[in-house]
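Me: I should like to learn how the features of a protein model are read, one at a time. Please take me through the structure shown here.

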Amino acid sequence: MNVLCIERGHEFSPNMVEADRNILRLVAEELTGEGHRVETINETDLLFLENSQNVGQKRVPDHGCSHFDVVCSMARDSRVLALLDMADMPVLNSPEGVAFCLTNRNLGGLRGVGEVLRCPPTSDVTLTDESTVAAVMRSMIADGVGCPCWMKRNDGCSQHPDDVVFISSEADLSDAAESFLRRDIKRVVVSGHVEGDLVKFYAVNTSAASIECPQESFFRWRYAGGKGGKFGWEEHNGEPHGYDFDEEELRRQVMEVAAGLSMRVVGGDAVIDSQGRLFLVDFNDWPSFSSCAAEAAKAIACAAKAVGTNLYQTI
């Protein structure tokens, strides 16, 4: 099987370049060790080759391979996603699903989000030069969002510390809106802050594969802790309390959300409140799996084989 692995562009991996590169390297090693042919390219270089050598041909450069059976892609550049969407080859993850995740931070409408895995109250806001704090607050009130809350860019993944801002007052709200507008970011969401234990989850769906896999599906979670992460946003939830929650239900619901987006390799953040209720606060394509990379790589390789040999059932 011929496999193309596409590394994430550095601009889409703030403070995580090596971790993101590592998980894809481990996947490539798993596949190579089983006799598959693997080529790796960064999405930035792929775009350069597409623009300089293959203009108008609407295909992914093949680097000496006459055909790729599957593409393992961590790409987030909209132009690369568009190329993959047009390419006549299976892609892990779905370019359409990745694009949706990057430009829709309001998680309330996702399949699998509802009574069990909740979404905090969230308001979609379009900022303009004429926007006032009062106008933003009216939108928030209409959607049930109060302070404290978070304002997040809604036109792409977070690349800068100010792309997600914690807001505890009207003054914070005004400063955040002005900061986004200065950077010409007008599409944002404002989501209510949920007090509780912040956990990070990592999942790979191999459940539909009819080949030997390490398990039906890979799922791990860990407490985010008081500090850390790409930009230190986790500190607002403080140290974990260890609230009880249904781990199996979290796994099941995360897999349901991923299936709704036709994505197999996902991660994100959830908050468990003092009553054990689950709130989905972030959902991402292909995380770095920093705390469990070796295990995850085996499951991702299994998923790639299944996709590349057409053994996956349609979701």
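Me: In which sense do β3 and strand β4 (residues 91-92) pair, and over how many bridges?

Reply: The model is a predicted one. Strands β3 and β4 pair in the parallel sense, and two bridges join them. In this pairing V71 stands opposite V91 of β4, and C72 has L92 as its bridge partner.

Me: What is the pairing between strand β1 (residues 2-7) and β3?

Reply: Strand β1 pairs with β3 in the parallel sense, over four bridges. Here V71 of β3 is the bridge partner of L4. V71 thus appears in two pairings: with L4 and with V91 in β4.

Me: What is the order of the strands in the open sheet?

Reply: The sheet has four strands in the order β2-β1-β3-β4, with parallel pairing. Strands β2 (37-42) and β4 are at the edges and have a single partner strand each, so one side of each lacks a neighbour in the sheet.

Me: Which way do the residues of strand β3 (residues 70-73) point, and are they buried or exposed?

Reply: One reads such a strand by sorting its residues according to the side they face. V70 and C72 point one way from β3, while V71 and S73 point the other way. All of these residues are buried.

Me: Which handedness does the β-α-β unit of β3, helix α3 (residues 78-86) and β4 have?

Reply: The unit made by β3, helix α3 and β4 is right-handed.

Me: How is empty space inside a model to be found, and how many cavities of 30 Å³ or more does a search of the whole structure find?

Reply: The general idea is that a probe the size of a water molecule, rolled over the atoms, shows where empty space is left. In this structure the search finds one cavity of 30 Å³ or more. The largest cavity holds about 60 Å³ of space.

Me: Which residues line the largest cavity?

Reply: Its lining consists of E7, R8, H10, S13, V17, D20, R21 and N42. By character, the lining residues comprise four charged, three polar and one nonpolar. Helix α1 (residues 17-33) supplies the largest share of the lining, three residues.

Me: Where does strand β9 (residues 187-192) stand with respect to burial?

Reply: A count of buried residues along a strand gives the reading. Five of the six residues of β9 are buried, so the strand is largely enclosed by the rest of the structure. Strand β6 (residues 122-126) pairs with β9 in the antiparallel sense over five bridges, and V125 has V188 in β9 as its bridge partner. Strand β7 (residues 149-153) also pairs with β9 in the antiparallel sense over five bridges, with K152 opposite V189.

Me: Why is strand β13 (residues 278-285) largely enclosed by the rest of the structure?

Reply: Strand β13 is largely enclosed because seven of its eight residues are buried. Strand β5 (residues 117-118) pairs with β13 in the parallel sense over two bridges, R118 having F279 as its bridge partner. With strand β12 (residues 265-272) the sense is antiparallel, over seven bridges, and A270 has L280 in β13 as its bridge partner.

Me: What is found in the hairpin of β12 and β13?

Reply: Five residues lie between the strands of this hairpin, and G276 takes a positive phi near 80°.

Me: What share of the 315 residues of the protein chain counts as buried?

Reply: The share is 52%. The secondary structure of the chain comes to eight helices and 13 strands. Among contacts with a separation of 6 or more, 71% are between residues 24 or more positions apart.

Terms used: Residues numbered from 1 in each chain as written. Predicted model: local features only at pLDDT ≥ 70, side-chain atom pairs only at ≥ 80, totals over all residues. Heavy atoms only, no water. 1 Å grid on protein atoms, 1.4 Å probe; cavity = no way out; pocket = protein on both sides within 12 Å on 5 of 7 lines; lining within 4 Å. Points joined across faces, edges and corners; volume = space filled by probe spheres on them. Nonpolar A, V, L, I, M, F, W, Y, C, P; charged D, E, K, R; others polar. Buried < 20%, exposed > 50% of the residue type's maximum accessible area, 1.4 Å probe, protein only. Pairing = 2+ DSSP bridges. Right-handed = clockwise from strand over helix to strand, strands pointing away. Contact = heavy atoms within 4.5 Å.
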